Amino acid sequence: MEDADAFIAGLPKAELHIHIEGSLEPELTMALAARNGVALRFASIAELRAAYSFSSLQDFLDLYYEGMRVLLHEQDFYDLATAYLKKAASQNVRHAEIFFDPQGHTDRGVPFKTMIDGLWRALKDAERAYGMTTALILCFLRHLDEASAQRTLDEALPWRDHFIGVGLDSSEKDQPPSKFERVFARARGLGLKAVAHAGEEGPPDYVRQALDLLKVERIDHGVRALEDPALVRRLVHERIPLTVCPLSNVRLRVVPDIAAHPLRRMLRDGLMATINSDDPAYFGGYMNENFSAARFDRDEIVTLARNGFLAAFCDDGTKRRYLSELDAYGLSRR
Ligand code: ADE
Ligand code: ZN
């Protein structure tokens, strides 16, 4: 039997939790800094990479926002997303739902149009080049206020058909989902899907708030939900997908090490867990590396990949096609 890494490499996968700004590799950061005349406090790629050691989510976010300052022009956003999609396609990611953080750019004076045009062009080119499907999810930064999120949604409306949903990310501590109840209601009223980061560093109650107040269809991370057995029962019963990111959780010290990661327990408990990369340039791996990290057995690997397609927001026909591809792959490798 081929080894687990080869099996994972060929496995058709869906990625549902990837921040496009978190796919900015040090090489591209330095190249864009030079191209755009942006001064960085790092003299080399090696120096920048050496800074990728984090003690918490906030510690990481400080560098993440610093890195994205090199993104100024439409072509920069195109190059960023193109690099991610090329890598994802090479790992047999068949469907990708990609987060972007407009406020991280518009607050620096980059027009919404510049960013979305570059991302959109990259997505359409990759769909043609690789035969994959893609979508964008607009995330609100939760450390900013609700008014800023509302303005961001206003600004995005001319491109309403370019994104399928809204999400909530950035610093979780002391930033409850309740802050964003109205803007999420408005987004859902526009027919947008809703997801939110919850239970990464924040308490199980934030997962509950995301479900009850923001009415999200998926929870991003959700690891800390395990501290609350009643909440776990609810997530199982309502089949709420959790987009889990194992390498991110290790790098941001949500768990002490990969052996302590509760993904296997999540599957055993009947939770609909999926595997994702979060910020692959910063956390040491894309989809394959995240699938490989926890040393799952074949049945677990296939279940995780199946959950990814089941939890995706693509249409039913596309979903069925990917699930058939996955079934055929699993059977052919028995
Ligand atoms: N933005 C980018 N990565 C994030 C993460 N892991 N949690 C919250 N916000 C983020
Ligand atoms: Zn995330």
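Are Phe 7 and Tyr 329 buried or exposed? In this predicted model, both Phe 7 and Tyr 329 are buried, and the two residues serve here as the entry point to a description of the aromatic pairs, the metal site and the ligand surroundings.

A search across the whole structure returns 14 aromatic pairs. In general, such a pair of rings is described by how far apart the centres lie and by the angle between the planes. For Phe 7 and Tyr 329, the ring centres are 5.2 Å apart and the planes stand at 35°, so the pair is classed as tilted. Since Phe 7 belongs to helix α1 (residues 4-10) and Tyr 329 to helix α17 (residues 316-332), the pair ties together parts of the protein that are 322 residues apart in sequence. A further pair is formed by Phe 140 and Phe 184, whose ring centres are 6.0 Å apart and whose planes are at 65°, so that this pair is edge-to-face. Here Phe 140 is located in strand β3 (residues 133-141) and Phe 184 in helix α9 (residues 181-189), so the parts tied together are 44 residues apart in sequence. Phe 140 and Phe 184 are both buried. In addition, one aromatic cluster is made up of Tyr 52, Phe 54, Phe 60, Tyr 64, Tyr 65, Tyr 282 and Phe 283.

The zinc ion (ligand 2) has as its protein donors His 17 (NE2), His 19 (NE2), His 197 (NE2) and Asp 278 (OD), which lie 2.0 to 2.2 Å from the ion. The angles among the four donor atoms run from 85 to 173°, and the site is irregular. Along the sequence, the donor residues of the zinc ion (ligand 2) follow the spacing H-x1-H-x177-H-x80-D. Within this set, His 17 in strand β1 (residues 13-19) and His 197 in strand β5 (residues 193-198) are 180 residues apart, and the pair thus links distant parts of the chain. Both His 17 and His 197 are buried.

Ligand 1 is surrounded by His 19, Leu 57, Phe 60, Leu 61, Tyr 64, Asp 169, Ser 170, His 197, Glu 200, His 221, Asp 278 and Asp 279. Among these residues, His 19 has a side-chain N or O atom 3.4 Å from a nitrogen atom of ligand 1, while a polar side-chain atom of Glu 200 is found 2.7 Å from a nitrogen atom of the ligand. For Asp 278, a polar side-chain atom likewise lies 2.7 Å from a nitrogen atom of ligand 1. Of the 260 Å² of accessible area that ligand 1 has on its own, the protein covers 100%.

A last set of results concerns Ser 148, a residue of helix α8 (residues 146-156). Because its relative accessible area is 8%, and therefore under the 20% limit, Ser 148 counts as buried. The side chain of Ser 148 is in polar contact with the side chain of Gln 103, at 2.8 Å. Between Ser 148 and Asp 220, the separation is 72 residues in sequence and 22 Å in space, taken from C-alpha to C-alpha.

Conventions. Residues numbered from 1 in each chain as written. Chains lettered and ligands numbered in written order. Predicted model: local features only at pLDDT ≥ 70, side-chain atom pairs only at ≥ 80, totals over all residues. Heavy atoms only, no water. Helix = DSSP H or I, 4+ residues; strand = E, 2+ residues; numbered from the N terminus. Buried < 20%, exposed > 50% of the residue type's maximum accessible area, 1.4 Å probe, protein only. Polar contact = N/O pair within 3.5 Å; in protein donor to acceptor, adjacent residues only side chain to side chain. Donors = N, O, S within 2.8 Å, 3.2 Å for Na, K, Ca; no water. Tetrahedral: all angles 85-135°; square planar, octahedral: opposite > 155°, others 65-115°. Near = heavy atom within 4 Å. Areas by Shrake-Rupley, 256 points an atom, 1.4 Å probe, with all protein chains shown as cover. Phe/Tyr/Trp six-rings, centres within 6.5 Å; stacked < 30°, edge-to-face > 60°.
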